[in-house]
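Open the model in your viewer and keep the sequence panel in sight. The stops below say what to select and what is there.

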Amino acid sequence: ASFATRQVALTDDQIFLYDACCRWWSDLFALGIFTAKDRTASRYWSSHLRFFKSLCISFKVAPTVELIKQSLEQGKSVVIGLTSTGE
């Protein structure tokens, strides 16, 4: 048995989507409605973190499926480990 971590190159569409999401989140913050006083800033940053974490994980799905298919065709068993910090 072996373990491997793979780095996935982003497609042009994924880069475009990521950049668009960055602009949207920046524009949202620029509205000036998030303050430390009422904890909205904390909610903004925690939502921001969860969103980008999920977005980046979603970019890995298609390459992972391809790797799994290749491994199964070679008669290998596949185990996928999903971990989270519980956020």
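The tour goes from the whole chain to the core and then to single residues.

**Whole chain**

Start with a cartoon view, and keep in mind that this is a predicted model. The chain has 3 helices and 0 strands, and its elements run α-α-α from the N terminus on. The radius of gyration is 18 Å, well over the 12 Å that the globule rule gives for 87 residues, so the chain is more spread out than a compact globule. Turn the C-alpha trace along its principal axes, where the spans are about 55 × 30 × 15 Å.

Now switch on the surface. About 7,400 Å² of the chain is accessible, and carbon and sulfur atoms account for 59% of that area. Of the 87 residues, 11% are buried. Among contacts with a separation of 6 or more, 56% join residues that are 24 or more positions apart.

Colour the charged side chains next. There are 10 positive and 8 negative ones, and the centres of the two sets are 10 Å apart.

**The core**

Which residues form the largest nonpolar core? Select Cys21, Trp25, Tyr44, Phe52, Leu55 and Phe59, the 6 residues that make it up. Two elements, α1 (12–30) and α2 (40–59), each give two or more residues to this core. The most come from α2, which gives 4.

Stay on Phe59 and show its surroundings. Apart from neighbours within four places in sequence, Phe59 has contacts with Val8, Leu10, Gln14, Leu17 and Tyr18.

**The loop between α1 and α2, and the residue after it**

Select Arg39, in the loop between α1 and α2. Is this residue buried or exposed? Arg39 counts as exposed, because its relative accessibility is 55% and the cut-off for exposed is over 50%. Check the backbone here as well: phi of Arg39 is near 70°, a positive value in a residue other than glycine. Most residues other than glycine have a negative phi.

Move on to Thr40, which is found in helix α2. Thr40 has a relative accessible area of 18% and is therefore buried, since buried means under 20%. Which residues does Thr40 touch, leaving aside its neighbours within four places in sequence? They are Ile33, Phe34 and Thr35.

**Helix α3 and the segment after it**

Go to helix α3, residues 61–73, and pick Ser71 within it. At 15% relative accessibility, Ser71 counts as buried. With neighbours within four places in sequence left out, Ser71 is in contact with Lys76 and Val78.

Finish at Val79, in the segment after α3. Val79 counts as exposed, with a relative accessibility of 78%. To tie this stop to the core, draw a C-alpha to C-alpha distance from Val79 to Phe59. How far apart are Val79 and Phe59 in space? The distance is 19 Å, for two residues that are 20 residues apart in sequence.

Conventions: Residues numbered from 1 in each chain as written. Predicted model: local features only at pLDDT ≥ 70, side-chain atom pairs only at ≥ 80, totals over all residues. Heavy atoms only, no water. Rg over C-alpha atoms; globule rule 2.2 N^0.38 Å. Buried < 20%, exposed > 50% of the residue type's maximum accessible area, 1.4 Å probe, protein only. Contact = heavy atoms within 4.5 Å. Areas by Shrake-Rupley, 256 points an atom, 1.4 Å probe, with all protein chains shown as cover. Lys, Arg positive; Asp, Glu negative; His and termini not counted. Charge placed at Lys NZ, Arg CZ, Asp CG, Glu CD. Core = buried A, V, L, I, M, F, W, Y, C linked by side-chain atoms within 4.5 Å.
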